[in-house]
Each structure stands twice: as structure tokens, then as C-alpha cells.
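Here is a short briefing for anyone who likes to look at pockets and surfaces before setting up a calculation. Have the viewer open and follow along.

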Amino acid sequence: MTSDLINRFHSHNSFAKKGFTVKYRPWIMIHVEYFHHKSNALRREKELKAG
């Protein structure tokens, strides 16, 4: 979840030095969902990560 998608992707693809984001570069966007409330976005993120 992020409120600034462009900067988040720029960070993952350029600045990260170690970890998961570096291992799978370059990151590309395949799906985006928008929510009016942060709580709804967090709930959806947990659903997606739970598999």
C-alpha cells in the first residue's frame, strides 16, 4: 500500500540495495486498486498477501 505509487516504484527499481525488491528487478505494474479509506486498502493488501 502506498499513497505515492510513482515514487514507490522508482525506489524499488533504483534505490534499494538489498532484499526482496532487488532480487526481482525490474518491478512492473500489472494491477492497481484504489481505495478511499486506508483501512480498506490495508484489508485488501492482507487478502492478497494471504494467498
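The notes below cover the pocket, a surface patch and two residues to look up.

Please keep in mind that this is a predicted model. Its largest pocket holds about 1,100 Å³ of space. Among the 25 residues lining this pocket, Met-1, Thr-2, Leu-5, Met-29 and His-31 are the closest to its centre.

**The pocket lining**
- Three helices each contribute at least two residues to the lining of the largest pocket: α1 (5–15), α2 (20–23) and α3 (38–50).
- The biggest share comes from α3, which supplies six residues of that lining.
- By residue class, the lining of the largest pocket has 13 nonpolar, six polar and six charged residues.

**The nonpolar patch and Met-29**
- On the surface, Leu-5, Met-29, Val-32 and Tyr-34 form a nonpolar patch of about 400 Å².
- You will find Met-29 in the loop that runs between α2 and α3.
- Met-29 counts as partly exposed because its relative accessibility is 37%, which falls between the 20% limit for buried and the 50% limit for exposed.

**His-10 and Trp-27**
- Helix α1 is where His-10 sits.
- With a relative accessible area of 41%, His-10 is partly exposed too.
- Although His-10 and Trp-27 are 17 residues apart along the chain, 9.2 Å separates their C-alpha atoms.

Conventions:
Residues numbered from 1 in each chain as written. Predicted model: local features only at pLDDT ≥ 70, side-chain atom pairs only at ≥ 80, totals over all residues. Heavy atoms only, no water. 1 Å grid on protein atoms, 1.4 Å probe; cavity = no way out; pocket = protein on both sides within 12 Å on 5 of 7 lines; lining within 4 Å. Points joined across faces, edges and corners; volume = space filled by probe spheres on them. Helix = DSSP H or I, 4+ residues; strand = E, 2+ residues; numbered from the N terminus. Nonpolar A, V, L, I, M, F, W, Y, C, P; charged D, E, K, R; others polar. Patch = residues over 30% accessible without salt bridge, like charges linked within 9 Å, V, L, I, M, F, W, Y side chains within 5 Å. Areas by Shrake-Rupley, 256 points an atom, 1.4 Å probe, with all protein chains shown as cover. Salt bridge = Lys/Arg side-chain N within 4 Å of Asp/Glu carboxyl O. Buried < 20%, exposed > 50% of the residue type's maximum accessible area, 1.4 Å probe, protein only.
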